[in-house]
Amino acid sequence: MLIKRRRGWEVPEHLATPEDVFLSRRGLIGGAAGLAAAAVLGPSRADAATAAAATYPAPRNEAYTLDRAVTPERFSGDYNNFYEFGTSKTVLPAANALKTSPWSIKIDGLVEKPFEIGVEDLIRKAGLEERLYRHRCVEAWSMAVPWTGFPLSKLVALAKPASGAKYVQFQTFLDKAVAPGQRQFFYPWPYIEGLTMEEAGNDLAFLVTGVYGKPLPNQFGAPIRLAVPWKYGFKSAKSLVRVSFVAERPKTFWEGLQSSEYGFWANVNPAVPHPRWSQASERVLGTDQRVPTLIYNGYGEQVAGLYKGLERERLFV
Ligand code: MTE
């Protein structure tokens, strides 16, 4: 993975928004998002965006709390990895070229009956909740975000996988006309990620449709992405168009590029360095803090049991 030692986000800690300030602004955001959409989009897209904004902010699931302040959007929203739109962290302008409504996802592979479903339909079926999650990138930076979405297990239940399904494979859109990065032939497009069925069934595995109390801005992976907070961030594939239930372990995007550095499991572990840098600590976006990294990114209690009997695998690369 390309590492840019850009330090523009490293501002003093007092500039980071504390969570209580963020929370008091939440109620305003949903309505404002709809109004802003109407101002900048054409009438039909504005209608869709306004309808989507009406479901935000979603009720908070208090089971998911944080040990740190939420990262203000001005930092997390301008420091993104989305290689489809370039290798710099400022992908926002390029990512806005992606038309995210209407958008549907194909569910296929070893399922009772393959189907395609619109994201808004999926949201209606699954419902939405908000969770505060940590996010730890393999590049040793981190953030804390209020994602809105629903547990991946709800999509698995809708899919009705067959007993032969051992893995879930996630695929990002493929459209060279809008995504300049996809014109670079040396990357194995489309972006593919995967989880075991057991991992996909863990309550922490989350499909995200919103952040900061509003629909996902494009650079975060609109209109629907994954959040797997105990793994390095590259497992959390963005702008999904297909979820397949398969018998064999998927060959993932980064594994295809450099398997010695980016494996299938990619669980966070401060004691296992990346071949080119330490994973012992992380820089928190929007602050001048460097904090110790935690095993499974602090979610060991919920997920360590998933890896019993798999000790011979490269679980932390
Ligand atoms: N998904 C796609 N399709 N393309 C990408 O380049 N980058 C990954 C992940 N999902 C990536 C992706 C990486 S390396 C990280 S750290 C996170 O997205 C970044 O998510 P964020 O932009 O919301 O911080």
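**Notebook: the ligand site and the strands around it**

I started at the ligand and found a backbone N or O atom of Ser236 lying 2.8 Å from one of the ligand's nitrogen atoms. A reminder to myself: this is a predicted model, so every distance here is computed from predicted coordinates.

Next I looked up Glu84, where a polar side-chain atom comes to 2.8 Å from a ligand nitrogen. For Tyr83 I noted a backbone N or O atom at 2.7 Å from an oxygen atom of the ligand. These three pairs count as polar contacts because the cut-off for a pair of N or O atoms is 3.5 Å.

How much of the ligand's exposed area does the protein bury? Taken alone, the ligand exposes 530 Å², and the protein buries 100% of it. I also checked the cavities: the largest cavity is the space that the ligand takes up.

**Entry: the shell**

I counted who sits around the ligand and got 20 residues. The closest are Tyr83, Glu84, Arg225, Ser236 and Lys238. Sorted by class, the shell holds eleven nonpolar residues, six polar ones and three charged ones.

Which strand gives the largest share of the shell? It is β4, residues 141-151, which supplies three residues. That made β4 my next stop.

**Entry: from β4 to β11 and β12**

I followed β4 sideways to β11 (residues 281-284); the two run parallel and are joined by two bridges. Ser142 is the residue I found opposite Val284 of β11.

On to the next pairing: β11 and β12 (residues 290-292) are antiparallel, with three bridges between them. Here Glu282 faces Val291 of β12 as its opposite number. The two strands form a hairpin with five residues in between. I checked phi in that turn, and Gly286 has a positive value of about 85°.

A general note to keep beside the pairings: side chains in a regular strand alternate between the two faces of the sheet.

**Entry: a second hairpin**

I then turned to β1 (residues 104-109) and β2 (residues 115-118), which pair in the antiparallel sense over four bridges. Ile105 has Ile117 in β2 as its bridge partner. The link from β1 to β2 is a hairpin, and it runs through five residues.

**Entry: backbone oddities**

I went through the omega angles for cis peptide bonds. One is the bond from Tyr56 to Pro57, with omega near -5°. Where does Pro57 sit? I found Pro57 in the loop between α2 (43-54) and α3 (73-76).

Another cis peptide bond joins Trp189 and Pro190, where omega is about 0°. Pro190 belongs to the loop between β5 (167-172) and β6 (192-196).

Last, I looked for positive phi outside glycine and noted Ser239, with phi near 40°. Ser239 lies in the loop between β9 (225-227) and β10 (240-246). If you set up this model yourself, the places I would open on screen include Ser239 with its positive phi and the cis bonds before Pro57 and Pro190.

Key:
Residues are numbered from 1 along each chain as its sequence is written. This is a predicted model: local features need pLDDT of at least 70, side-chain atom pairs count only at pLDDT 80 or more; totals for chains, interfaces and linings use all residues. Side-chain values use heavy atoms; hydrogens and water are left out. A residue is near a molecule or strand if one of its heavy atoms lies within 4 Å of it. A polar contact is a pair of N or O atoms within 3.5 Å; within protein, one must be able to donate a hydrogen and the other to accept it, and residues adjacent in sequence count only if both atoms are side-chain atoms. Accessible areas come from the Shrake-Rupley method with a 1.4 Å probe; for residues, only the protein chains shown count as cover. On a 1 Å grid over the protein atoms alone, a cavity is a set of points where a 1.4 Å probe fits but cannot get out, and a pocket is an open set with protein on both sides within 12 Å along at least five of seven lines; lining residues have an atom within 4 Å of a point. A molecule sits in a cavity or pocket if more than half of its atoms lie within 2 Å of its grid points. Ala, Val, Leu, Ile, Met, Phe, Trp, Tyr, Cys and Pro count as nonpolar, Asp, Glu, Lys and Arg as charged, and the others, Gly among them, as polar. Two strands pair if DSSP finds at least two bridges between them.
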